[in-house]
Amino acid sequence: SNITITQLRLDYNDLTAVSSSAIIDLTINHRVKTLNIGGNRIVGEDDRLYFMLRDPSSMLEELYMFSTKLSSSGAIKLFSAINEGNKLRILSIDNNNITDEACDAITMVMKKNTSLVSLSMYRNPISGGCAQLIIQCLHHNNTLQDLHLNDDYPRDVKEKIRSLEKEVNDKRKGHGCQVKLTVKFSWY
């Protein structure tokens, strides 16, 4: 029979890296648009996820990888795959181990990516300086609408982030762009 799976929601199922090959095969073979692997430990060192994101035939539009213990090196691979162009619109990498080490990869993608509309990365040990760099690079991006960051930045850093958010929106508006950037600070 011809079965089409458009959403694969496997969050919090105690899946491990051993499961990742089958999940990626399902995602590719059934043209999955939404993949939620949050709360599982399946990211590991399996590069097939990143190869799948590079595949121009991938239909993946939403990827939820919250609480997967994604490290900075994994985030660098992830953003490098996204940078090569795909249909990904929503990326949730909250509550992981992503540090400033991944800042260059994130900013490079955010400058060029034309599909991502939402990036949620709260509860990662990313400094306020890196968060500011990410927003500064959005002067070159007219598609990102929602950016979720940590709530624990000092007040002056949050004020600088808000100022940068306003600059991005003013520039977008000045160029006739109707897409507004909203930065949200979250702790949960």
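The chain of this predicted model has a radius of gyration of 17 Å, which agrees with the value near 16 Å that a compact globule of 188 residues would have. Along the principal axes, the C-alpha atoms fill a box of roughly 55 × 35 × 25 Å. Of the 188 residues, 48% count as buried. The exposed area is about 9200 Å², and carbon and sulfur atoms supply 50% of this area. Charged side chains number 23 positive and 22 negative. The centres of the two sets lie 6 Å apart.

The chain holds 6 helices and 7 strands. Read from the N terminus, the elements run β-α-β-α-β-α-β-α-β-α-β-α-β. Contacts often span long stretches of sequence. Among contacts with a separation of 6 or more, 83% join residues 24 or more positions apart.

Helix α5 covers residues 128-136. Its buried residues are Gly128, Cys130, Ala131, Gln132, Ile134 and Ile135. They pack against two helices, α4 (103-112) and α6 (155-174), and two strands, β6 (146-150) and β7 (182-186).

Isoleucine 161 shows part of this packing from the side of helix α6, where the residue lies. Isoleucine 161 counts as buried because its relative accessibility is 0%, under the 20% limit. Leaving out residues up to four places away in sequence, isoleucine 161 touches Ala131, Gln132 and Ile135, together with Leu149, Tyr153, Val183 and Phe185. Glycine 128 is 33 residues from isoleucine 161 in sequence. In space, their C-alpha atoms are 8.3 Å apart.

Asparagine 150 is found in strand β6. With a relative accessible area of 4%, asparagine 150 is buried. Its polar side chain atoms have backbone partners. One polar atom of the side chain lies 2.5 Å from the backbone nitrogen of arginine 123. The side chain also reaches the backbone oxygen of asparagine 124, at 2.6 Å. Beyond its neighbours within four places in sequence, asparagine 150 is in contact with Met121, Tyr122, Arg123, Asn124 and Ile126. Phe185 and Ser186 are also among its contacts. Phe185 is touched by isoleucine 161 as well.

Two residues in the loop between β3 (62-64) and α3 have a positive phi. Most residues other than glycine have a negative phi. Serine 67, in this loop, has a phi of about 55° although it is not a glycine. Lysine 69, placed in the loop between β3 and α3, has a positive phi of about 65° and is likewise not a glycine. Their exposure can be set side by side. Serine 67 is buried, with a relative accessible area of 12%, whereas lysine 69 is exposed, at 54%.

Helix α3 spans residues 72-83 and contains serine 80. Serine 80 counts as partly exposed because its relative accessibility is 30%, between the 20% and 50% limits. A polar atom of the serine 80 side chain lies 2.8 Å from the backbone oxygen of isoleucine 76. Arginine 54 is 26 residues from serine 80 in sequence. The C-alpha atoms of serine 80 and arginine 54 are 8.8 Å apart in space.

How values were computed:
Residues numbered from 1 in each chain as written. Predicted model: local features only at pLDDT ≥ 70, side-chain atom pairs only at ≥ 80, totals over all residues. Heavy atoms only, no water. Buried < 20%, exposed > 50% of the residue type's maximum accessible area, 1.4 Å probe, protein only. Helix = DSSP H or I, 4+ residues; strand = E, 2+ residues; numbered from the N terminus. Contact = heavy atoms within 4.5 Å. Polar contact = N/O pair within 3.5 Å; in protein donor to acceptor, adjacent residues only side chain to side chain. Rg over C-alpha atoms; globule rule 2.2 N^0.38 Å. Areas by Shrake-Rupley, 256 points an atom, 1.4 Å probe, with all protein chains shown as cover. Lys, Arg positive; Asp, Glu negative; His and termini not counted. Charge placed at Lys NZ, Arg CZ, Asp CG, Glu CD.
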